Amino acid sequence: MNYERELLKGNTDALLLCLISHTPMYGYQIIKEIERRSKGYFQFKEGTLYPALHRLERAGLVRGEWQTLPNSQERRYYFITEKGKQVLAERLSIWQDFSTAVNAIIQPIST
Amino acid sequence: MITRLANYLDNLKNCLRLSSEAKKDMLREFYAHLEDRSQELQESGFSEEEAAEMAVKHFGPVKSIAQQTYEIYSSGTWRQAFFAALPHLIISLLFALRAWQNIIWLIIVLLMVIGVVIYGWWHGKPVWLFPWLGYYLIPVIVTGVLLIYLPSNWFLFAALIYLPLALFVLVSVTKQTITQDWLYASVMLLPVPIILGWTLALSLSRDFLSIHRQIQEMASWVALSFLILAVTVATFIRVKQRWLKVSALLAPSLVVLILVAIVSKGTINFWLWLGLASLSIFLILSPAWLERKITNS
């Protein structure tokens, strides 16, 4: 469990940037999207999403903006910035290399 | 709004240590999220109260969210650290360059402090404002020290009027500053015991010419003490963890008071030093108690 939590913690930024890079989203939408795509695998307290989003915003990787929905409710949408796109590309590249290397090691050796 | 959600958001509001503007924005975002989750749960068949309870449970413990948020916003930028350290740096320079006796420089510094404080106060009380605000308390300290020069029969009478008034000013200003975070009031009060220490070291001599000569002799040490204060404040702004912030305020102020005692050549004896050190600890930590009292009331 701790191992999973650590893995998630180490990749939170990349996951959030990846989700926002496709389409700008607000907090609750991000939670629903994570639930849907991971088929409920990622379980965490929803309130902890916001410190993570605000950390990314402080680092200039995302930009938050209040927008009014058709039902006149207001939601804060997060947009990925150019810097965020660059960081995401770097993180994805590192992740690809890492997972390829891990897979190469853990797969049984074929004779 | 459902009482459960309102109570939860109230708790968050009390625990979040952010500027009023950032806090308002954050709570608005939290409310929107809880509203969405609660509505979705109601649509799936839960009652309004059950949905609110579950939404709050999904959102997580208030203290943990507040802590995580604090660690994001608690570390200021280098620019904020510089602006926060600037008033101490200016005082340090005044003494290092022997400009403390130049009335033009003193007026410029005074106008600068007034201008910066007014600007900061009306622009959401940013973190760099509080060290500047501390210099507003100098007249209160100096007035107190000047009471020593009164004839003994007037001294008691003046002290009886001065002490409650000084305490009232100190508590009122502190109360105004702790609305965001009690530590900002501590930063504001940080130079008070040091200024008091230097003023006592000088004022215990009743000969004006002697005071002037003593300031000349001590000027470099006074400059050094304010330079230490500047570094202390910059460190306070930059570090993230709360316990580090408290340590960053406590340790250097006690070191500076040792410096004051050594340079005073016995004018500040051990007991006087102990009094100043106790005052320093009290001024740094008492805003926490005051904040708790205000929150509970």
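This is a tour of a two-chain model, with a suggestion at each stop of what to select next.

**Before selecting**

The model is predicted, so local features are given only where pLDDT is at least 70 and side-chain atom pairs count only at pLDDT 80 or more, while totals for chains, interfaces and linings use all residues. Residues are numbered from 1 along each chain as its sequence is written, and chains are lettered from A and ligands numbered from 1 in the order in which they are written.

**Stop 1: chain A**

Select chain A. The chain has four helices and three strands (DSSP runs, H or I of at least four residues for helices and E of at least two for strands, numbered from the N terminus). Along the sequence, the order is α-β-α-α-β-β-α. The C-alpha trace of chain A spans about 65 × 30 × 25 Å along its principal axes. Of its 111 residues, 21% are buried (20 or more other C-beta atoms within 10 Å of the residue's own, with 12 or fewer counting as exposed, anything in between as partly exposed, and C-beta atoms placed from the backbone). Among contacts in chain A with a separation of 6 or more, 47% link residues 24 or more positions apart; a contact means that the C-beta atoms of two residues, placed from the backbone, lie within 7 Å.

**Stop 2: two helices of chain A**

Select residues 27–37 of H2(A) and 49–58 of H3(A). Their axes come within 11 Å and cross at roughly 110° (axes are lines fitted to C-alpha atoms, for helices over the stretch in contact, with angles from 0 to 180 degrees between N-to-C directions). That crossing makes H2(A) roughly perpendicular to H3(A); the class covers 65 to 115 degrees, with under 35 roughly parallel, over 145 roughly antiparallel and the rest oblique. The crossing is right-handed (the near helix is turned clockwise from the far one by less than a right angle; anticlockwise would be left-handed). Show the side chains of A:Gly27, A:Ile30 and A:Ile31 on H2(A), and A:Leu49, A:Tyr50 and A:Leu53 on H3(A), which make the contact.

**Stop 3: the hairpin**

Select residues 62–80 of chain A. Strands E2 (62–68) and E3 (74–80) run antiparallel and are joined by seven bridges; DSSP must find at least two bridges for strands to pair. A:Arg63 has A:Phe79 in E3(A) as its bridge partner. Five residues lie between the strands, and in this hairpin A:Ser72 takes a positive phi near 65°.

**Stop 4: chain B**

Switch to chain B, which has 14 helices and zero strands. Its C-alpha trace spans about 85 × 40 × 35 Å along the principal axes. Buried residues make up 32% of its 297 residues. Of the contacts in chain B with a separation of 6 or more, 71% are between residues 24 or more positions apart.

**Stop 5: two helices of chain B**

Select H2(B) and H3(B), whose axes come within 8 Å and cross at roughly 130°. That angle makes H2(B) oblique to H3(B). The crossing is right-handed. Residues that meet here include B:Leu34 and B:Leu41 in H2(B), and B:Ala51 and B:Phe59 in H3(B).

**Stop 6: between the chains**

Show both chains. Here 14 residues of chain B are in contact with 14 residues of chain A. On chain B, helices H2 (20–43), H3 (48–59) and H4 (62–73) each supply at least two residues of the side that touches chain A. H2(B) gives the largest share, seven residues.
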